[in-house]
Amino acid sequence: MIVRIWEAQVAPRRVDEFCTRLCDEVLPVLRETDGFEGAELLRSVTELDHRVLLVTHWRDEAAVRAYAGPMWRIRPVWAEGEFGYLEHPPTVSHFRPTPLLPEVPQRDRTAPVGSP
């Protein structure tokens, strides 16, 4: 598995709108992409930090390369229409789960908070 972290500094008053756009336009495309295994959309919890991270999980390097192109290790994928939301171009980094710790299963998102 490859974990790809796409990070962007978003204009302060556009964070909500940008997150909605990612959910409505980007995630549906990713869900249809071969080798895509899941994602989390994260935003900073402080009012002064306007970072948004899209953490995606991929079957293997070949799947990431097929999605992001031959320069997948250094080139983030974004749509031209997203520039109006961003203060700087996004960055991307990649990780593998460490064999030292077991993978933590994801909580069932449909279950009420606090349930096992």
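Guide: Before we start, a quick definition: strands here are DSSP runs of E, at least two residues long, numbered from the N terminus. Also, keep in mind that this is a predicted model.

Visitor: Okay, so in what order do the elements of the chain run from the N terminus on?
Guide: Let's count what there is to place: the chain has two helices and four strands. Reading from the N terminus on, you get β-α-β-β-α-β.

Visitor: Where is His50 found?
Guide: Look at strand 2, which covers 36–43, and strand 3, which covers 51–58. His50 belongs to neither, as its place is the loop between strand 2 and strand 3.

Visitor: Is His50 buried or exposed?
Guide: Buried means under 20% relative accessible area. His50 comes in at 14% relative accessibility, so it counts as buried. Leaving out residues up to four places away in sequence, it touches Ala8, Gln9, Val10, Pro12 and Val15. The verdict for His50, then: buried.

Visitor: Which residue has its backbone oxygen 3.3 Å from a polar atom of the side chain of His50?
Guide: A polar contact needs a pair of N or O atoms within 3.5 Å. At 3.3 Å from that side-chain atom of His50, the backbone oxygen belongs to Glu47.

Visitor: Which element gives the most to the lining of the second largest pocket?
Guide: This pocket has a volume of about 230 Å³. Among its 14 lining residues, Val26, Leu30, Leu54, Tyr67 and Val77 are the closest to the centre. Strand 1, helix 1 and strand 3 each give two or more residues to the lining. With four residues, the top contributor is helix 1.

Terms used
Residues numbered from 1 in each chain as written. Predicted model: local features only at pLDDT ≥ 70, side-chain atom pairs only at ≥ 80, totals over all residues. Heavy atoms only, no water. Buried < 20%, exposed > 50% of the residue type's maximum accessible area, 1.4 Å probe, protein only. Polar contact = N/O pair within 3.5 Å; in protein donor to acceptor, adjacent residues only side chain to side chain. Contact = heavy atoms within 4.5 Å. 1 Å grid on protein atoms, 1.4 Å probe; cavity = no way out; pocket = protein on both sides within 12 Å on 5 of 7 lines; lining within 4 Å. Points joined across faces, edges and corners; volume = space filled by probe spheres on them.
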